[in-house]
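Here are my notes on this one, jotted down while going through the model. Have a look at the structure first, then read on.

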Amino acid sequence: MPDDASRPSIRDVRAELQVSKWLSPIHVLLTFRAPTIAAHAQPGQFVHLRVSAFGNSPLLRRPFSIAGANLADGTIRLLVRTVGRGTFMLGELFPGGELPALGPLGRPFPEIEKGREVVLVAGGVGVAPLLFYAATRDHDTKVALYGAEAELALVLADELAEHCDRTQLATDDGSVGHHGFVTDLLPETLGGLRDPVVLACGPRPMMAKTAAECRTRGVPCYVSFEAWLGCGVGACLGCVIPAAGEPRAYVRVCRDGPVFDADEVGWDLLR
Ligand SMILES: Cc1cc2nc3c(=O)[nH]c(=O)nc-3n(C[C@H](O)[C@H](O)[C@H](O)COP(=O)(O)OP(=O)(O)OC[C@H]3O[C@@H](n4cnc5c(N)ncnc54)[C@H](O)[C@@H]3O)c2cc1C
């Protein structure tokens, strides 16, 4: 785990919504003006948003990966899948509305040596931090594998493809790309590369399969986790997942992650 003293301080700001754009019936892309967060954000980090501008309901903030940061206009982008009360409230926010935002939080993806081939494995809204990575990190080869339940849910696929040398899609229903899981594409992709590193974000079974495939081949793999967060800053321990190695050892998704070396995770004990 990195030394806490090496982390930049967290900003608690009022983020003003500038643009709200629906990409599908359940996905909304939000652009907030939050210059101090934009200036320090790194791919893999997240913001913890209070979803109501006034009052305390819902009480807990909601975490979202930073999908992009623009230094020139001081904005950050969040890709939100509406699944419950908090995310529906975000979808209904009008431009000009302001929300308290804490960030950037968490451990980002590591710096990968330029000469290595980077393979991005995205599942659903797991595309958000990987799009930020693809747009801001230079590598000789960037390959994206992006899967979702159907074509409609493969939001921002064109933008991801713009930043990658090769992009392959997969859908559960076969509406576009490979008919099946995105992880089905991994063996052939990794087999064709010289010195790959894998970065993954998506549902836990997808990341477990990705980590297992990488372990078999001796390929470094970093995974970004979602979990139910309470405080978002490492105090409440509500978001822990099993750590590799010792029994009954845990790591905090919000503070030690959300990005982990796949070898740090106790995959066998993960639910
Ligand atoms: C580090 C991190 C980054 C995230 N990045 C994104 C992102 O970029 N885009 C995005 O859409 N979502 C992201 N999430 C998940 C997002 O925070 C939850 O979907 C959101 O908090 C749900 O709030 P709600 O009030 O709408 O749902 P609630 O009413 O609280 O819950 C509704 C349902 O949503 C599911 N759910 C709720 N919270 C989570 C969670 N944390 N993880 C998985 N499932 C959950 C459960 O099935 C629950 O039954 C991220 C989570 C973490 C921890």
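The points below take the ligand site to begin with and then some backbone details.

1. A reminder before anything else: this is a predicted model. Please read every distance and angle below with that in mind.

2. Where does the ligand sit? It's in the largest pocket. The protein covers 77% of the 870 Å² of accessible area that the ligand has on its own.

3. There are 21 residues around the ligand, and the ones that come nearest are Pro63, Leu79, Gly86, Thr87 and Ala227. If you want a quick selection for a close-up view, those five names will do.

4. Two of those names turn up again when you look at backbone atoms facing ligand oxygens. Pro63 has a backbone N or O atom 2.6 Å from an oxygen atom of the ligand. For Gly86, the distance from a backbone N or O atom to a ligand oxygen atom is 2.7 Å. Arg85 also puts a backbone N or O atom by a ligand oxygen atom, at 3.4 Å.

5. Which elements each supply at least two residues of the shell around the ligand? Strand E4 (62–65), strand E6 (75–81) and helix H2 (85–92) do. E4 gives the most, with 4 residues.

6. On chemistry, the shell splits into 13 nonpolar, 4 polar and 4 charged residues. Looking at domains, at least three shell residues come from domain 1 (4–105), and at least three come from domain 3 (225–271).

7. Now the backbone, starting with cis peptide bonds. The one from Gly103 to Pro104 is cis, with omega near -5°, and Pro104 lies in strand E7 (residues 98–105). Gly257 and Pro258 are joined by a cis peptide bond too, with omega about 15°. Pro258 belongs to the loop between strand E15 (250–252) and strand E16 (259–261).

8. What is the phi of Leu156? It's near 65°, a positive value in a residue other than glycine. You'll find Leu156 in the loop between strand E9 (141–148) and helix H4 (157–162).

Conventions:
Residues numbered from 1 in each chain as written. Predicted model: local features only at pLDDT ≥ 70, side-chain atom pairs only at ≥ 80, totals over all residues. Heavy atoms only, no water. Near = heavy atom within 4 Å. Polar contact = N/O pair within 3.5 Å; in protein donor to acceptor, adjacent residues only side chain to side chain. Areas by Shrake-Rupley, 256 points an atom, 1.4 Å probe, with all protein chains shown as cover. 1 Å grid on protein atoms, 1.4 Å probe; cavity = no way out; pocket = protein on both sides within 12 Å on 5 of 7 lines; lining within 4 Å. Sits in = over half its atoms within 2 Å of the grid points. Nonpolar A, V, L, I, M, F, W, Y, C, P; charged D, E, K, R; others polar. Domains from an automatic or database assignment.
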